[in-house]
Amino acid sequence: MGVLDRFEKGVENAVQTAFAKTFKSGVKPVELAAALKREADTRAAVVDRNRTVTPNEYSVSLAPTDLQTVAEWGEEALEHELEDALQEHAVRQRYSFVGSVNVEFKEDESLATGRYAVVSRTTRGPVAPVTSRNPKSRHPLLDIDGQRYHLTGELTVIGRGTEADIVVDDSGVSRQHIRFEVTPHGTILTDLGSTNGTFVEDQRINEATLLDGNAVTIGRTTIMYWDGIAADGED
């Protein structure tokens, strides 16, 4: 079984685990996952010999009946499953993103039931998920419960609220808890008036310039910080 075959099987298993029942008619979740993968492959662009960038934002247009079915099954949950599938595919194909991966559904009354359209674009954001097995980059890196992100923007907010750039599912974390500011002189961490405070190496701080390997604690969540390392040939 080849890499692409294994990916297809993995997507099918992941989606069917979250949505154990199948749609009686119209678009199937596994079809959407495959379509997103094809769009990522088609739009992938080689930046240099060490880096291939693919879009990070995807819009899936569905017929009204299909969109209603998706809503009944859980639109947000399916979007997350598809985002995870795209990130897994990017790891296998060694693609990079320049911003957070996002999938959204839209209604298109011109589409018949069972038909769909996928449109993608590349939008630079304050963070980008790490998709390389060798995560060297000129951008600082965060590790949050095994999920890794490059700080690609100047300012990045972490919190429990959906308005944060990185959302942490932790009741001990404020809606906008901390901010990372990347400067030429280092990364500055600022507590944004959180309820439970911010700790760097177990010391409570309001603001601190981070050092490579620092552990940042908010609520019950530990964030590992690593300075950016310029890799040969990277942009």
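In the predicted model, the buried residues of helix α3 are covered by elements that include β3, α4 and β5. The residues of α3 that are buried are Asp66, Leu67, Thr69 and Val70. Viewed down the helix axis, the buried residues of α3 fall within an arc of 155 degrees, so they line one face of the helix. Just after α3, glycine 74 adopts a positive phi of about 120 degrees.

Helix α3 (64–73) also contributes to the largest nonpolar core of the chain, as do α2 (29–43), β3 (57–62), α4 (75–93) and β5 (102–107), each with at least two residues. This core contains 21 residues, and those with the most contacts inside it are Leu36, Val60, Leu62, Leu82 and Phe105. Helix α2 provides the largest share, 5 residues. In soluble globular proteins, nonpolar side chains tend to be buried together. Beyond its neighbours within four places in sequence, valine 60 is in contact with Leu32, Leu36, Val103, Glu104, Phe105, Lys106, Ala117 and Val118. A second core, separate from the largest one, has 20 residues, among them Tyr149, Phe180, Ala208 and Leu210.

At the level of the whole chain, the secondary structure amounts to 4 helices and 18 strands. Of the 235 residues, 44% are buried. Among contacts with a separation of 6 or more, 59% are between residues 24 or more positions apart. The exposed area of the chain is about 12,600 Å², of which carbon and sulfur atoms supply 45%.

An open sheet of 3 strands is arranged in the order β1-β2-β4, and its pairing is mixed. The edges are occupied by β1 (45–48) and β4; each has a single partner strand, so one side of each is left without a neighbour in the sheet. Strand β2 (residues 51–53) pairs with β4 in the parallel sense over 2 bridges. Valine 53 has serine 96 in β4 as its bridge partner.

The loop between β4 (95–96) and β5 holds phenylalanine 97. With a relative accessible area of 6%, phenylalanine 97 falls under the 20% limit and is therefore buried. Phenylalanine 97 and valine 130 lie 33 residues apart in sequence, and their C-alpha atoms are 8.0 Å apart in space.

Strand β17 (residues 215–218) pairs with two strands described here. With strand β14 (residues 198–200), β17 forms an antiparallel pair over 3 bridges, in which phenylalanine 199 stands opposite threonine 217 of β17. With strand β18 (residues 221–226), the pairing of β17 is likewise antiparallel, over 4 bridges. Isoleucine 218 has threonine 221 in β18 as its bridge partner. The strands β17 and β18 form a hairpin with 2 residues between them. In the turn of this hairpin, glycine 219 has a positive phi of about 60 degrees.

How values were computed: Residues are numbered from 1 along each chain as its sequence is written. This is a predicted model: local features need pLDDT of at least 70, side-chain atom pairs count only at pLDDT 80 or more; totals for chains, interfaces and linings use all residues. Side-chain values use heavy atoms; hydrogens and water are left out. Buried means under 20% relative accessible area, exposed over 50%, partly exposed in between (1.4 Å probe, protein chains only). Contact means heavy atoms within 4.5 Å. Accessible areas come from the Shrake-Rupley method with a 1.4 Å probe; for residues, only the protein chains shown count as cover. A nonpolar core is a set of buried Ala, Val, Leu, Ile, Met, Phe, Trp, Tyr and Cys residues joined through side-chain atoms within 4.5 Å. Two strands pair if DSSP finds at least two bridges between them. The arc is that of the directions from the helix axis to the C-beta atoms.
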